[in-house]
Amino acid sequence: QLQLVESGGGLVQPGGSLRLSCATSGFRLEYYAIGWFRQAPGKEREGVSCIRTSGNTINYADSVKGRFAVFRDIAKRTVYLQMNSLKPEDEAVYYCAALGPYCSGEPSSVRVWGQGTLVTVAS
């Protein structure tokens, strides 16, 4: 059974940093691309970043380029989203998701969702 569990969300001040974790089970990261998505109140869910099976990454949201980074620890079966220089507009529920063999920023491409973790950016 493919499963993903996010953690690490919470309250952070603007300009601060946060690292989200996505613990996976039931599959190998070498064979599944893992995406990060977010959904703010009143807005559509959007793709943020993705890590390919090769370990290379892609950013789908222009607003996070240079501030967010995705990386993985294969031995721990965990994918991370490092979030720096956080802005109030980054506030959202963040989801990790298994996409299958290829990266995609489209929520409709997701095979299995994590439960989400809330990131609040406020002073």
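Start at the hairpin of β4 and β5 in this predicted model. Six residues lie between the two strands, and selecting G42 there shows a positive phi near 75°.

Next, select the strands on either side of that turn. β4 covers residues 33–39, and β5 covers residues 46–51. The two run antiparallel and are joined by five bridges. For one facing pair, pick G35 in β4 and C50 in β5, which stand opposite each other.

Now add β9, residues 92–100. β9 also pairs with β4 in the antiparallel sense, over seven bridges. Here A33 stands opposite G100. Colour β4 by accessibility: six of its seven residues are buried, so the strand is mostly covered.

Move to Y32, in the loop between β3 (18–25) and β4. What does Y32 touch, leaving aside neighbours within four places in sequence? Its contacts are L2, F27, T53, A98, G100 and R111. G100 is also the residue opposite A33.

From Y32, measure across to F71: the C-alpha atoms are 14 Å apart, with the two positions 39 residues apart along the chain. F71 leads to the last stop, because T78 lists F71 among its contacts.

Select T78, in strand β8 (residues 78–83). Is T78 buried or exposed? Its relative accessible area is 9%, under the 20% cut-off, so T78 is buried. A polar atom of its side chain lies 2.9 Å from the backbone oxygen of K76. Beyond four places in sequence, T78 touches S21, C22, A23, L29, F71, R72 and D73.

Definitions and conventions
Residues are numbered from 1 along each chain as its sequence is written. This is a predicted model: local features need pLDDT of at least 70, side-chain atom pairs count only at pLDDT 80 or more; totals for chains, interfaces and linings use all residues. Side-chain values use heavy atoms; hydrogens and water are left out. Helices (H or I, at least four residues) and strands (E, at least two) are DSSP runs, numbered from the N terminus. Buried means under 20% relative accessible area, exposed over 50%, partly exposed in between (1.4 Å probe, protein chains only). A polar contact is a pair of N or O atoms within 3.5 Å; within protein, one must be able to donate a hydrogen and the other to accept it, and residues adjacent in sequence count only if both atoms are side-chain atoms. Contact means heavy atoms within 4.5 Å. Two strands pair if DSSP finds at least two bridges between them.
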